[in-house]
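Trainee: I should be grateful for a close look at one residue and at the parts of the chain around it. Please state the grounds for each description, and then go on to other parts that merit inspection.

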Amino acid sequence: YQVLTGLDPSKLVRPNSLFHSNAVLQRGVEVPVWGAAAEGTKITVQFAGQTLSTTASGGKWMVRLKPMPASAQPRPMKISGGTTVTLENILVGDVWLASGQSNMERQLGPRPKQKELVGWREAAAAADFPLIREYKLPLKFSSTAEEDGRGQWEVCTPASAPDFSAVGFYFARELQPKIGVPVGIIHSSWGGTVVEAWTSPEALKAEGVEVADAKNQNSPAGLYQAMIAPLLRFPIKGVIWYQGESNRTNAREYRDRFPAMIADWRKQWNQPGLPFVFVQVAPYKDMPPEVREAQFLTLAKSKNTAMAVITDVGDAGDIHPANKEPVGIRLALAARAIGYGEKIEYSGPLYQSMKIAGDRVGISFSHVGKGLEAKGGELKGFTIAGAEGKFIPATAEIKGSSVIVSSKDVPEPKAVRYGWENVPDVNLFNQDGLPASPFRTDVD
């Protein structure tokens, strides 16, 4: 920001790294701007016709910009206090937090020991998107709340795009032209991490989870303290989330801990209705269906959420499926619905209820969109069981907005499952092109 040579460090004004050249600020709400300076330093912030002043206290300062409309016009922000910091190319639009574990962390470009992503070279070559920016936090865990995430904003260009979160990139690329305002992505994710690491100590204690000093990135609250807490004063439009793989060994607890984290973040941001859009984990040989079920059940527990189902773009042999474009596109579709109120179909069919009639079971769905369809042939992936609980492959056919399931070997059916495998072989979609979530009617 400034040339330090010959200056007295005590006279420097230091904005938080969220306020960096190329930043995107959230439209339509009050935006705090904060940082550090010597005790008693008078700080003045100038941006978009607003001039605000304060005095540093305890080595810290903050001013609050009044709500601003979206603006794609690059403007400077000047922060004065003994020295003057000039931040260039600041936009106002919508800011989305992209968080989770490795499938969110994975950059668009190559990564050692992982497959190259489908179509990444072409996507990067065409990535001249000055209205899309990413702020990426470095990997860090902590036992106490950090003040600064120490990231920096980058404009999306063919040179920078390979380092963007691939899912975040495809999400922003799809969303930005639809909403017509700049889009900022705050990228805070770490591969191989559990939901408990991303949750605040207070929320974890309420869930009965013990919180101690952080030893590693999976310590309860360790990533929250280092990679979420620094962001909490920065207004955001919503969250996109791709995680769950590392909670596959405690999927039962994940039913409660994932919704608890969502509620926790909404409380911490003081945004009770914060849109939260997440990815249901992909098919993989070691990924039990109970994890996908926990995510499906979260939709009912946490309002203003949506789930992107990706049963059709998984990889049985690789926990990191290489086709990330549909993931970002489906997240953007859901964001347009729950974040912007667009009247569009944004989800694949979701199990709603069952009705037994003799030897047949009728399964009803929400989000049938333009209608149900079996993609690529006869409907598959359904199993059925009687009172003894032994599930066998079933015949399934679409009837209007329902699916009728039966088997000649189960004259008195009691339960139906769909896609209830580590690697489900399924093909139920709606005619809007979105796949149905796996489910079971016998949830315990």
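Mentor: Ser188 is a suitable residue for this purpose: its relative accessibility is 0%, and it therefore counts as buried, the cut-off for that class being under 20%. The model is a predicted one, and the description that follows should be read as an account of that model. Ser188 belongs to strand E11, which runs over residues 183-189. Its side chain makes a polar contact with the backbone oxygen of Met227, at 2.8 Å. Beyond its neighbours within four places in sequence, Ser188 is in contact with Leu97, Ala98, Ser99 and Gly100. Leu137, Trp198, Met227, Ile228 and Leu231 complete that set of contacts.

One of these partners, Ile228, deserves its own inspection. Ile228 is placed in helix H5, residues 222-228. With a relative accessible area of 0%, Ile228 is buried. If residues up to four places away in sequence are not counted, Ile228 touches Leu97, Ser99, Ser188, Trp198, Leu223, Trp265 and Trp269. The contact between Ser188 and Ile228 thus appears in the list of Ser188 and again in that of Ile228. Leu97, Ser99 and Trp198 are likewise named as contacts of Ser188 and of Ile228. As for Leu25, it lies 203 residues from Ile228 along the chain, and the two C-alpha atoms are separated by 17 Å.

Trp265 and Trp269, which Ile228 touches, lead to helix H6, residues 251-269. Two packed helices are described by the angle between their axes and the distance between the axes. H6 packs with helix H7 (residues 289-301) at an angle of about 40 degrees, and the axes are 9 Å apart. This angle makes H6 oblique to H7. Their crossing is right-handed. On the H6 side, the residues of the contact are Ala251, Tyr254, Arg255, Asp256, Phe258, Pro259 and Ile262. On the H7 side, they are Glu290, Val291, Glu293, Ala294, Gln295, Leu297, Thr298 and Lys301. By character, the residues of this contact comprise eight nonpolar, two polar and five charged.

A second helix pair may be described in the same terms. Helix H3 (residues 166-179) holds Lys178, and H3 packs with helix H8 (residues 325-338) at an angle of about 45 degrees, the axes being 7 Å apart. H3 and H8 are therefore oblique to each other. The crossing of H3 with H8 is right-handed. From H3, the contact involves Val167, Tyr170, Phe171, Arg173, Glu174, Leu175 and Lys178. From H8, it involves Glu325, Val327, Gly328, Ile329, Leu331, Ala332, Ala335 and Arg336. Nine of the residues in this contact are nonpolar, one is polar and five are charged.

Within that contact, Lys178 can be followed further. Its relative accessibility is 41%, so it counts as partly exposed. The side chains of Lys178 and Glu174 are joined by a polar contact of 3.4 Å. Arg336 is 158 residues away from Lys178 in sequence, yet the C-alpha atoms of the two lie 8.2 Å apart in space.

Two further residues are of interest for their backbone. Most residues other than glycine have a negative phi. Asn89, which is not a glycine, has a positive phi of about 65 degrees. Asn89 is placed in strand E8, residues 83-100. Its relative accessibility of 22% makes Asn89 partly exposed. Arg150 likewise has a positive phi, near 55 degrees. Arg150 lies in the loop between strand E9 (129-136) and strand E10 (152-156). At 61% relative accessibility, Arg150 counts as exposed.

Finally, Met354 is found in strand E15, residues 350-357. Its relative accessibility is 27%, and Met354 is therefore partly exposed. Ser364 stands ten residues from Met354 in sequence, with 6.2 Å between their C-alpha atoms. Leaving aside neighbours within four places in sequence, the contacts of Met354 are Val361, Gly362, Ile363, Lys414 and Thr441.

Key:
Residues are numbered from 1 along each chain as its sequence is written. This is a predicted model: local features need pLDDT of at least 70, side-chain atom pairs count only at pLDDT 80 or more; totals for chains, interfaces and linings use all residues. Side-chain values use heavy atoms; hydrogens and water are left out. Axes are lines fitted to C-alpha atoms, for helices over the stretch in contact, and angles run from 0 to 180 degrees between N-to-C directions. Helices (H or I, at least four residues) and strands (E, at least two) are DSSP runs, numbered from the N terminus. Angles under 35 degrees count as roughly parallel, over 145 as roughly antiparallel, 65 to 115 as roughly perpendicular and the rest as oblique. A crossing is left-handed if the near helix is turned anticlockwise from the far one by less than a right angle, and right-handed if clockwise. Contact means heavy atoms within 4.5 Å. Ala, Val, Leu, Ile, Met, Phe, Trp, Tyr, Cys and Pro count as nonpolar, Asp, Glu, Lys and Arg as charged, and the others, Gly among them, as polar. Buried means under 20% relative accessible area, exposed over 50%, partly exposed in between (1.4 Å probe, protein chains only). A polar contact is a pair of N or O atoms within 3.5 Å; within protein, one must be able to donate a hydrogen and the other to accept it, and residues adjacent in sequence count only if both atoms are side-chain atoms.
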